[in-house]
Each structure stands twice: as C-alpha cells, then as structure tokens.
Amino acid sequence: MRIRQFREDHWDRLPTIRIQKAVLDNFKSVEHGEIVFACGKKYVPYGTEADILGLYGQNGSGKTSFIEALAILKLLMMGVEVPGVYAECVAKGQDKSRLEFTFDLQYPDGHIRKAVYEFALSAVETEQPGGFGQYGADDAGSSQHSKYRVKISDEKLSMSGDFDGRKIIMQPIIDTSGDERPFGPVSKQKFFVAGDKKSLDELNIVRRLSEEKSTSFVFSLGAAKVFDDCGLYSEFYQVVLELAYYSQLYLHVVDTKSTGYIRLNYGLPLYTQSGRYLLKTDMPNIMPDFVFSELKSQFDNINIVLSQIVPGLNVNMHELSPTMMKDGSMGHVVEIVSSRNESDMSNEHNADAAPDGRLLMPFRYESDGIRKIVSVLSLIIDAYNEQSCTIAIDELDAGVFEYLLGEVLQTFQESGKGQFIFTSHNLRPLEVIDKDFICFTTTNPENRYIRMKGIGNTNNLRSTYFREILVGEQDEELYRNTKKYKVVSAFRKAGIDNGETT
C-alpha cells in the first residue's frame with residue numbers, strides 16, 4: 001500500500017487514542033511530576049466510560065505547567081513550530097526540560113498498541129542583541145531583551161503491542177538521542193526508508209532543519225515526505241501517522257494565553273475541530289463565505305447545549321451586510337450577538353429585535369463566564385460524543401458559576417465518551433465527580449502531582465482536601481500555609497514603609 005493512499009483511506013478510521021500517562025522533568029516549577037490517568041490504571045474499553053483529569057492545587061504549583069506541556073505536545077505531533085515563548089518553560093538553572101507521554105491505541109478489531117513519545121526541550125539564544133528594555137518605552141513590544149527559541153532534541157518514539165501478527169514488548173522505533181544517523185535504532189530504519197544514500201541524506205537534512213526550526217523530527221512534514229517518496233508501508237509508520245492525525249483532529253488545548261482575549265473582552269476564541277477562530281467582539285468581523293458557513297454550523301450546535309445550561313440564551317453571528325473579498329469571492333460582515341427570550345431581558349431598549357422576536361445585544365456585554373463557556377463549548381460537545389477526542393482547558397472555572405461547572409462535569413462523567421482534562425480553583429467538582437479523576441499538586445517540586453490516599457467512597461473529597469491543608473496527613477504537603485498574623489503584620493509594615501499612618 002502506498003503511504004499517500006494510506007493517508008487518504010485512514011483519515012476517518014483512526015483507532016481510539018488516549019493519553020495514559022505524562023511525565024515532566026525540569027519544566028517550569030516542576031522538577032519532577034508524573035500523572036497516570038484513570039484510563040492508565042485499568043483497562044477501559046473505550047465507548048463505555050469517559051476519562052477525566054481535574055488538577056487542583058496552590059497557585060504556582062504546576063497546574064498551568066501541565067496544560068502548557070500538552071500544548072507543546074500538540075504542536076510537535078502536528079509537525080509545526082513551537083513558539084519561542086515556550087523557551088521560558090525550561091526550569092531556571094537547567095539546560096533542558098524533558099517531557100514524556102504514553103498513548104493507548106485501541107483498534108476496532110480488538111488489537112491494542114501503546115506508544116511512548118519523549119523529547120527534550122531547551123532554550124537557544126537567537127542572534128538578536130541583548131539588553132534591557134526601558135520602563136514606559138513606546139517600543140516595548142519590540143524590546144531589546146535577549147530572545148530565545150525552542151530547540152527540540154533527544155526524541156524517542158517507542159511502541160509495544162500487536163504488530164504484523166505478533167506481540168512486541170516496548171522498544172524504541174525512532175530514536176534521535178544516540179549517535180545513529182539519521183535516527184536509531186539502525187535495525188528499524190528499514191521500516192521507513194529503503195536505505196539508499198539519497199533518502200538517508202535527505203533525512204539528515206530534515207533532522208538538522210527540525211532542530212533549527214523548533215519542530216519535531218519524528219513528526220515533521222519533511223520526514224513524512226521522505227517516507228512517502230520511498231513508498232514503503234509498515235505498521236510502525238502507521239502509528240506515527242495515527243498520532244499525527246490525532247493531534248490535528250482530536251487533541252485540543254486551551255491555555256490562559258487564549259482566555260486572555262476573553263478577559264480583555266477583545267475577542268471570542270472559538271475552538272473547533274478545524275482549529276481556533278478568533279472572532280472580534282469589539283468590532284464587526286469580515287469573513288469569506290466558507291468560514292461563515294462553518295461557524296454558523298458551529299453556533300447552531302453550541303446553542304443546542306447552551307440554551308439548556310443557560311436557559312433562554314443563544315449566541316449567533318448577526319450579518320450586517322454582504323461584502324466582496326479581495327479575491328473576488330463572496331464574504332460577510334458579521335457581529336457576534338447574544339439573544340434571550342423577551343421575558344429574560346431586563347432592558348429591552350438596549351437591544352435590537354431578531355426576526356424570530358428574540359432580543360439581540362452585542363456579545364461583548366455578556367459576562368466573562370458566558371464568554372468562556374461559549375468559547376470552549378464546541379470542544380466539550382466533541383469530547384462528549386467522540387471517544388478519541390481529548391480536550392485540556394486551563395482555568396475551566398474562570399467566571400463560571402460553580403453549580404453550573406459541577407453540572408457540566410457530572411454530565412460528562414456519567415455519559416461522555418472522550419477525555420477531559422482541566423485545571424480549576426473552584427472546589428465544587430470535588431463533590432460531584434469520582435475521586436479517581438482528581439489529581440493534586442504538592443509543594444514538593446520533586447514530586448509535583450499526587451492522588452490522595454485513604455479516601456473512601458463515602459468521603460467528601462472537598463472536605464477532605466480542606467482538612468488535609470490544615471492537618472497534613474498525606475505523604476506530601478499539598479499547601480504551604482500562610483500565617484494570618486504575619487499577613488496582617490506585612491500589610492501594616494508595607495503601609496508604614498510607604499509613609500502611611502496606622
């Protein structure tokens with residue numbers, strides 16, 4: 001079978017893929033952290049149970065770090081550049097960070113495979129001159145600080161399971177951490193390339209460019225082209241393609257960089273399987289016809305659920321006028337609006353009437369919580385219905401009413417199909433979802449993620465968490481307590497030092 005034909009035939013027939021385990025070393029505040037997902041603790045025949053991971057803990061203890069690690073993973077497996085901002089994720093004083101992710105792949109015929117992808121991430125200084133930015137300077141956006149880019153190295157993709165009619169133990173399939181070129185083990189190269197000098201030379205060039213361009217070599221488009229041109233087919237390369245497709249179609253990460261648009265009320269990041277669309281909320285949007293059609297369909301699906309969790313509320317694109325795009329095609333000028341039933345509107349004079357009698361108002365006037373829910377609801381719908389879909393959302397609770405948050409998570413637990421990862425400060429989910437789905441950060445950077453021990457089925461995890469903060473019965477400290485009298489003293493001292501009177 002030609003590889004290109006495999007790509008066409010296999011696009012819609014992926015195995016069910018889930019993340020089972022993640023390991024972070026020297027990544028931001030995490031010297032070492034390991035999370036085993038619920039689906040990694042026991043065999044789960046997918047389609048029968050949802051898999052949830054809720055991450056809780058003190059500010060600055062590694063919750064956002066984990067979401068950012070997943071964001072880097074997605075970019076690498078898609079074969080695209082990791083932005084330089086992630087160079088800051090390398091822990092201070094360390095040469096590199098190391099990340100490792102274990103995937104479980106289940107096929108319709110009952111075969112099961114595992115894949116482990118690990119890599120190192122380091123910061124490389126660019127040729128841009130260094131220096132210090134002047135406070136208040138107008139060119140702050142192009143400051144003279146030293147700039148860094150990300151370098152990806154020591155990649156290793158290992159696999160185990162059913163291959164070519166026999167079971168193999170976990171072993172490296174593509175390994176760039178050794179001296180072999182273009183990759184090791186040499187015995188596995190025959191499954192990807194014919195071994196001719198031209199192909200190997202091309203792969204060596206791809207590997208060097210991947211390091212310079214902050215991309216993965218294993219999942220790079222350049223390596224895929226060489227493999228395709230060789231025309232070989234192997235089940236090992238099949239797994240590489242399946243992981244790449246999974247990252248593009250079914251792995252979605254929403255970090256705080258994205259939700260900043262919502263908090264500033266600048267735009268609505270709308271997440272779909274096709275990618276992220278940033279819709280402006282402070283001015284009209286101009287979009288081509290095909291984008292308009294796709295987003296209209298997305299809003300229709302979102303409103304089915306939104307109108308139930310926030311009764312009476314719909315969000316839509318209100319077309320202001322048709323327009324002509326630069327390429328001569330038809331386009332649309334639209335404004336993002338929300339609508340409620342008349343009985344739900346407190347001030348009818350500040351809203352326009354829609355054709356169906358509902359009252360419209362600009363979406364920017366909705367609360368942060370509503371904007372956050374609408375932004376990610378399409379992803380939650382996909383994960384609820386699709387076994388392979390994995391979504392990771394940082395600060396899921398931001399602006400969201402805690403009862404509603406609990407209802408959404410409880411519904412997902414009871415009848416969802418996919419994988420749902422979130423961080424939160426709101427403790428309501430601790431009362432409504434299974435304890436196996438909750439992980440806590442610790443104050444120990446060498447063992448950053450744990451699950452609480454000795455929790456019975458009748459224990460209220462929220463109450464237990466509060467007690468643990470006060471008593472400290474677990475093996476690791478979950479919260480570094482503050483002393484109230486020291487806080488009071490600090491406030492008074494700060495006022496005195498600034499010339500205040502008490």
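Accessible areas here come from the Shrake-Rupley method with a 1.4 Å probe.

**Figure 1. Overview of the predicted model.** The protein exposes about 24,500 Å², and carbon and sulfur atoms supply 50% of that area. Of its 502 residues, 50% count as buried. The secondary structure consists of 13 helices and 19 strands. Among contacts between residues at least 6 apart in sequence, 63% join residues at least 24 apart.

**Figure 2. Close-up of the largest cavity.** Two cavities of 30 Å³ or more are counted in the protein, and the largest holds about 120 Å³ of space. Its lining is made up of I309, K372, I373, V376, L377, I380, L396, V400, L404, L405 and V408. Helix α9 (368–385) and helix α10 (402–415) each contribute at least two of the lining residues. The largest share, five residues, comes from α9. By residue class, the lining of the largest cavity has ten nonpolar residues, no polar ones and one charged.

**Figure 3. Close-up of the second largest cavity.** About 40 Å³ of space lies in this cavity. R18, A38, C39, K42, V44, E49, A50, D51 and F437 form the lining. These residues divide into five nonpolar and four charged, with no polar residue.

**Figure 4. Close-up of the aromatic pair F66 and Y449.** The structure holds 17 aromatic pairs. In the pair shown, the ring centres of F66 and Y449 lie 6.1 Å apart and the planes meet at 65 degrees, so the pair is edge-to-face; the cut-off for this class is an angle over 60 degrees. F66 belongs to helix α3 (residues 63–78) and Y449 to strand β19 (residues 449–450), so the pair ties together parts that are 383 residues apart in sequence. Buried means under 20% relative accessible area. F66, at 1% relative accessibility, therefore counts as buried, and so does Y449, at 4%.

**Figure 5. Close-up of the aromatic pair F420 and F422.** The rings of F420 and F422 are 5.9 Å apart centre to centre, with 65 degrees between the planes. This pair is edge-to-face. Both F420 and F422 are buried.

**Figure 6. Close-up of an aromatic cluster that includes F420 and F422.** Y56, Y384, F412, F420 and F422 form one aromatic cluster. Within the cluster, F420 and F422 make the edge-to-face pair of the preceding view.

Note on methods
Residues numbered from 1 in each chain as written. Predicted model: local features only at pLDDT ≥ 70, side-chain atom pairs only at ≥ 80, totals over all residues. Heavy atoms only, no water. Helix = DSSP H or I, 4+ residues; strand = E, 2+ residues; numbered from the N terminus. Buried < 20%, exposed > 50% of the residue type's maximum accessible area, 1.4 Å probe, protein only. Contact = heavy atoms within 4.5 Å. 1 Å grid on protein atoms, 1.4 Å probe; cavity = no way out; pocket = protein on both sides within 12 Å on 5 of 7 lines; lining within 4 Å. Points joined across faces, edges and corners; volume = space filled by probe spheres on them. Nonpolar A, V, L, I, M, F, W, Y, C, P; charged D, E, K, R; others polar. Phe/Tyr/Trp six-rings, centres within 6.5 Å; stacked < 30°, edge-to-face > 60°.
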